[in-house]
Amino acid sequence: LGNPNGKGQRIRDIDLRHPVRSPYNFFTWSELITDFCQDVIHENNKENEKKPVTLVCNSIGTISAFQAVIDTPDLYTGVCVVTPNFRELHSAEILFPELIMPLVRTIQKTLREKGQPLFDALAKPDTVKQILKEPYKIQDAIDDTLVQVLLDPLLTEGGSKVVFDTLSYSAGPLPEQQLSMLPKDKPVWITYGTADPWTPDARVDALIEKPCVERVVPLPGVGHCPHDEAPQLVNPFIVEFLKRVHPEE
């Protein structure tokens, strides 16, 4: 695994199982991505051509996208990453896990069992908008439409269970591990905002050392969601990647 300063590597044992055996994990999420590509994208293709699919992902979705390509490589051309995620709550990312993780597990268990009132209090438009001000450096991007897009899934039946199970997911794959497993013929391009408070610049830059990673492009003054904050920079990057993996089109 990488370090926040981008120097050296760490070797840690990683438990790939969800601590509470939840179905909400990166392996089932990656299966959902693959099922969607096969059952929706391919089945609805009017030319009946089952062309490989290109994945574009952001933040924690990066882990699911990488896992989908690892599990079903022939289905995909590559992955375009708009800000990776290093999973700060993962046991391998926490200092002194033998001491800290029992406390973290207790908090996670309490949230799963008694956290619904807290969830209900936080799942409000004004609260969500306030929370977004931390990762979004360009705060003009935080509008009512964005807030509602994020809030609607949370308010569906079972939404709180997914949130609490996800917050309890301090195991599973990490990006450096996955990038070492990705086939070399599945290119990965990465872009990220240098003003992102959650993603260490040097650790992202160090991903260029992975064989499948062809480009790492920093975006000065942009936060955790460049596709919302600076689409004028991200959209051309994605289009260029599509031309890279689909040169014939």
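**Exercise 1. What percentage of the 249 residues in the protein do buried residues make up?**

Solution. The model is predicted: local features need pLDDT of at least 70, side-chain atom pairs count only at pLDDT 80 or more, and totals for chains, interfaces and linings use all residues. Residues are numbered from 1 along each chain as its sequence is written, and side-chain values use heavy atoms, with hydrogens and water left out.

- Step 1. The criterion is relative accessible area: buried is under 20%, exposed is over 50%, and partly exposed lies in between (1.4 Å probe, protein chains only).
- Step 2. By this criterion, 43% of the 249 residues are buried.
- Step 3. The secondary structure consists of 11 helices and 4 strands; these are DSSP runs numbered from the N terminus (helices: H or I, at least four residues; strands: E, at least two).

**Exercise 2. Determine how strand S2 is paired, and how S1 is connected to S2.**

Solution.

- Step 1. Two strands pair if DSSP finds at least two bridges between them.
- Step 2. S1 (residues 53-58) and S2 pair in the parallel sense over 6 bridges, with Asn-58 opposite Val-82 of S2.
- Step 3. S2 also pairs with S3 (residues 188-193), again in the parallel sense, over 4 bridges. Here Val-81 has Ile-190 of S3 as its bridge partner.
- Step 4. S1, helix H2 (residues 61-71) and S2 form a right-handed β-α-β unit. Right-handed signifies that, with the strands pointing away from the viewer, the path from the first strand over the helix to the second runs clockwise.

**Exercise 3. Assess how far S2 and H2 are covered, and identify elements that cover H2.**

Solution.

- Step 1. In S2 (residues 76-82), 7 of 7 residues are buried.
- Step 2. In H2, 9 of 11 residues are buried, among them Ile-63, Phe-66 and Val-69.
- Step 3. The cover over the buried residues of H2 includes helix H1 (26-42), S1, S2, helix H8 (175-181) and S3, where contact means heavy atoms within 4.5 Å.

**Exercise 4. Classify the pair formed by Phe-119 and Phe-164, and describe the surroundings of Ser-160.**

Solution.

- Step 1. Rings of Phe, Tyr and Trp (its six-membered ring) pair if their centres lie within 6.5 Å; planes under 30 degrees apart count as stacked, over 60 as edge-to-face and the rest as tilted. The count comes to 4 aromatic pairs.
- Step 2. The ring centres of Phe-119 and Phe-164 are 6.0 Å apart and their planes stand at 65 degrees, so the pair is edge-to-face.
- Step 3. Phe-119 belongs to helix H4 (residues 116-122) and Phe-164 to helix H7 (residues 159-167), so the pair ties together parts that are 45 residues apart in sequence. Phe-119 and Phe-164 are both buried.
- Step 4. Helix H7 also contains Ser-160, which is buried at a relative accessible area of 13%.
- Step 5. Neighbours within four places in sequence aside, Ser-160 is in contact with Gln-116, Phe-119 and Leu-154. Its side chain makes a polar contact with the side chain of Gln-116 (2.7 Å). A polar contact is a pair of N or O atoms within 3.5 Å; within protein, one must be able to donate a hydrogen and the other to accept it, and residues adjacent in sequence count only if both atoms are side-chain atoms.

**Exercise 5. Locate Asp-140 and decide whether Asp-140 is buried or exposed.**

Solution.

- Step 1. Asp-140 lies in the loop between helix H5 (125-132) and helix H6 (144-154).
- Step 2. Asp-140 has 73% relative accessibility and therefore counts as exposed.
- Step 3. The C-alpha atoms of Asp-140 and Asp-228 are separated by 9.6 Å, although the two residues are 88 residues apart along the chain.
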